[in-house]
Amino acid sequence: MKKYTKEEWENICRRCGKCCLIKLEDEETGDIYYTNVVCKYFNEETMSCTIYDKRTTLVPECLKLDANNVDKLCWMPKTCAYRELFEKNPSPIKTTIKGRCVKETEIDPENIEDYIVEWEDL
């Protein structure tokens with residue numbers, strides 16, 4: 001994969017917000033299920049993280065994506081620009097989560113399974 005500067009790498013992102021959706025993993029099968037519940041630090045108006053530089057510290061589950069690990073993150077949505085770049089398989093679907101998500105602070109975490117979605121663009 002081509003070497004990117006930090007700025008070039010960050011500019012690949014389309015700001016779709018899909019990676020900020022909370023995902024659940026079936027411990028027996030390893031299957032990943034997306035919910036329409038978004039991280040409390042996600043700003044739906046700007047489609048960005050409000051604590052971006054501190055995200056991996058404040059949210060330990062938040063992984064810092066880079067060219068060295070993009071191939072290992074099977075949970076990345078198939079329409080993610082980084083995944084498309086790595087797999088050399090661009091998707092015609094270019095959507096965001098805007099208007100389709102709920103903040104994690106607005107739900108009962110005990111019922112998160114009720115928010116599992118099967119969107120075509122995940």
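Hi everyone, let me start with one residue: Leu 85, at 31% relative accessibility, counts as partly exposed. Before going further, please keep in mind that this is a predicted model. Leu 85 sits in helix α3, and together with Met 1 and Phe 86 it makes a nonpolar patch on the surface. The accessible area of those three residues together is about 260 Å².

Let's stay around helix α3 for a moment and turn to charges. Which residue forms a salt bridge with Glu 84? That is Arg 14, and the closest N and O atoms of the pair are 2.5 Å apart. What I like here is the distance along the chain: Arg 14 belongs to the loop between α1 (6-12) and β1, Glu 84 to helix α3, and 70 residues separate them. The two ends of this contact sit in unlike surroundings, too. Arg 14 is partly exposed, at a relative accessible area of 36%. Glu 84, at 6% relative accessibility, counts as buried. There is also a third member to mention, since Arg 14, Glu 84 and Lys 94 are linked in a network of salt bridges. As general background, side chains of opposite charge can pair when their charged atoms come close.

How many salt bridges does the structure hold? The count is seven, and I'd like to show you two others. One of them joins the side chains of Glu 8 and Lys 2, at 4.0 Å from N to O. Glu 8 is partly exposed, with 35% relative accessible area.

The other is Lys 18 with Asp 121, where the closest N and O atoms are 3.3 Å apart. Lys 18 lies in the loop between α1 and β1 while Asp 121 lies in the segment after β5, so this pair ties together parts 103 residues apart in sequence. Are these two residues buried or exposed? Both Lys 18 and Asp 121 are buried.

Asp 121 leads us to another residue, Ser 91. Measuring tape aside, the model puts their C-alpha atoms 9.0 Å apart in space, with their positions 30 residues apart in sequence. Ser 91 is in the loop between α3 (81-87) and β5. At 15% relative accessibility, Ser 91 counts as buried, because the cut-off for that label is under 20%.

Now for the sheet, if you'd like to turn the structure around on your screens. Three strands make up an open sheet with mixed pairing, in the order β1-β2-β5. Why do β1 and β5 count as edges? Each has a single partner strand, so one side of β1 and one side of β5 (102-103) are left without a neighbour in the sheet.

Let's take the pairings one by one. β1 and β2 run antiparallel and are joined by four bridges. Within that pairing, Leu 24 has Tyr 33 in β2 as its bridge partner. On the other side, β2 and β5 pair in the parallel sense, over two bridges. There, the bridge partner of Val 38 is Lys 103 in β5.

β1 and β2 also form a hairpin, with six residues between them. In its turn, Gly 30 has a positive phi of about 80°. Right beside Gly 30 in the numbering comes Asp 31, in the loop between β1 (21-25) and β2 (32-38). Asp 31 is partly exposed, at 38% relative accessibility. What kind of surface patch does Asp 31 help to form? It is a negative one, made with Glu 25, Glu 27 and Glu 28.

Last topic: backbone angles. Most residues other than glycine have a negative phi, which makes the next two residues worth a look. Met 47 is not a glycine, yet its phi is positive, near 55°. Met 47 lies in the loop between β3 (42-43) and β4 (48-49), and at 10% relative accessibility it counts as buried.

Lys 88 is the other one, with a positive phi near 50°. Lys 88 lies in the loop between α3 and β5, the loop that also holds Ser 91. Is Lys 88 buried or exposed? Lys 88 is exposed, with a relative accessible area of 73%.

That's my tour, thanks for listening, and I'm happy to take questions.

Key
Residues are numbered from 1 along each chain as its sequence is written. Side-chain values use heavy atoms; hydrogens and water are left out. Patches are made of residues with over 30% relative accessible area and no salt bridge: like charges are joined within 9 Å, nonpolar side chains (Val, Leu, Ile, Met, Phe, Trp, Tyr) within 5 Å. Accessible areas come from the Shrake-Rupley method with a 1.4 Å probe; for residues, only the protein chains shown count as cover. Lys and Arg count as positive and Asp and Glu as negative; His and the chain ends are not counted. The place of a charge is taken as NZ of Lys, CZ of Arg, CG of Asp or CD of Glu. Buried means under 20% relative accessible area, exposed over 50%, partly exposed in between (1.4 Å probe, protein chains only). Two strands pair if DSSP finds at least two bridges between them.
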